[in-house]
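Here are a few friendly notes to read alongside the model. Please keep the structure open as you go through the points.

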Amino acid sequence: MIDFSKIGKLLGGDNLMMIVYGTISTIILAVVGTVVGLILGIFIAYGKNVKIKETDNKLVRALKGLIKGVCSVYSTVLRGTPMMVQALIFKYFCAAIGINWGNIFLKGTINYILNGWLIAGLIVITLNTAAYMAEIVRSGLNGVDYGQVEGAYTLGMSPSRTSLSIILPQALRNALPTIGNELIVNIKDSSVLNVIAVSELYYRMFSIATTTYAFMESYLVLAGIYLILTLIATGIGALVGTTALGGDELKQAINDTVVPFKDEIITIGALLFVVGVVLLFVPGCLGVGLTLLGLGAAVLWGASKLDSSALSSKI
């Protein structure tokens, strides 16, 4: 059985600070891994898209073939193996060449968040994300109408300028939803980095569970925090989409996707609201109750703002 009074104790004192440190570490891993991985992925995507022309001399053709091959192998290997295994290989490879990430410390409280193992985790999640981002960007590059490229050449633009000014911006714009989804994936998948002692959210919560013996309660709190983080990431993605795609396009996409599930969303919001009200009367669960109460109210408010006319107009 779930002891709700233990949840209140989990969110107090030193445990709360451990959760905060773990949450910050997870956010750093997800955001930095996604952003830097996107930058690396752009280079890998261009490497995979290198075209070998018949007019190229042997040296140029060999160089292009090498770049294309290395990028293809990199993308295939890192997408075809689990990030947990990649993290372990990276850890023991570094140990074999004399690099011990555990010996890297920073002075002060910052060391609880930014330390050697977090840096190692950032490297692993960035390299892993770059492989996926390469395919996302490559798909976006190939989706740009070639007529625009020909038009740019007609205006006298060089291939490099055409790529940077015409092709890449449109490719990234078209890939924004998938890039946002990759951020959400990184928030959750960063938990596997605990195998190399990265003190992210799961690692911290596991430590709390083993010392308090409140395993079910600890993992319920953990699931709730991950859910909140992913909802925030989804909201940020929608905000970025409003700016890049245009508000009308985004609203139409939301109506087409979400409105059919309006009743289910209302049910979830009502359930969160009721559970929050019940927890208000459970000793030690005031904070959790208020949180669920507010979350349920927010979901109900959001559901009430959905444009049901968009659905009815299609029926």
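1. Let us begin in helix α5, where R138 and E135 are three residues apart, which puts about one helical turn between them. Please keep in mind throughout that this is a predicted model. R138 and E135 form a salt bridge, with 3.6 Å between their closest N and O atoms. As for its surroundings, R138 has a relative accessible area of 26% and is partly exposed.

2. E135 has another partner to look at. A salt bridge also joins E135 to K48, and here the closest N and O atoms are 2.4 Å apart. K48 belongs to helix α2 (residues 13-48) while E135 sits in helix α5, so this pair ties together parts that lie 87 residues apart in sequence. Is K48 buried or exposed? With a relative accessibility of 10%, K48 counts as buried, because the cut-off for buried is under 20%.

3. Taken together, K48, E135 and R138 are linked in a network of salt bridges. In general, side chains of opposite charge can pair when their charged atoms come close.

4. How many salt bridges does the structure hold? There are three. Besides the two described above, you will find one between the side chains of K64 and D56, at 2.9 Å from N to O. D56 counts as buried, at 16% relative accessibility.

5. Next, have a look at the second largest pocket, which holds about 740 Å³ of space. Its lining is made up of 17 residues, and those nearest the centre are Y46, N49, K51, Y153 and I167. Two or more lining residues come from each of the elements α5 (116-142), α6 (146-154) and α7 (159-189).

6. Which element gives the most to the lining of the second largest pocket? That is α7, with five residues. By kind, the lining of this pocket divides into nine nonpolar residues, five polar and three charged.

7. Finally, stay with helix α7 and find L183, which lies in it. L183 is buried, with a relative accessible area of 19%; it falls on that side because buried means under 20%. What does L183 touch, leaving out residues up to four places away in sequence? Its contacts are A30, V31, T34 and A233. L183 and V31 make a nice pair to trace on screen: they are 152 residues apart in sequence, and 6.8 Å apart in space from C-alpha to C-alpha.

Note on methods
Residues are numbered from 1 along each chain as its sequence is written. This is a predicted model: local features need pLDDT of at least 70, side-chain atom pairs count only at pLDDT 80 or more; totals for chains, interfaces and linings use all residues. Side-chain values use heavy atoms; hydrogens and water are left out. On a 1 Å grid over the protein atoms alone, a cavity is a set of points where a 1.4 Å probe fits but cannot get out, and a pocket is an open set with protein on both sides within 12 Å along at least five of seven lines; lining residues have an atom within 4 Å of a point. Grid points are joined across faces, edges and corners, and a volume is the space filled by probe spheres set on the points. Helices (H or I, at least four residues) and strands (E, at least two) are DSSP runs, numbered from the N terminus. Ala, Val, Leu, Ile, Met, Phe, Trp, Tyr, Cys and Pro count as nonpolar, Asp, Glu, Lys and Arg as charged, and the others, Gly among them, as polar. A salt bridge is a side-chain nitrogen of Lys or Arg within 4 Å of a carboxyl oxygen of Asp or Glu. Buried means under 20% relative accessible area, exposed over 50%, partly exposed in between (1.4 Å probe, protein chains only). Contact means heavy atoms within 4.5 Å.
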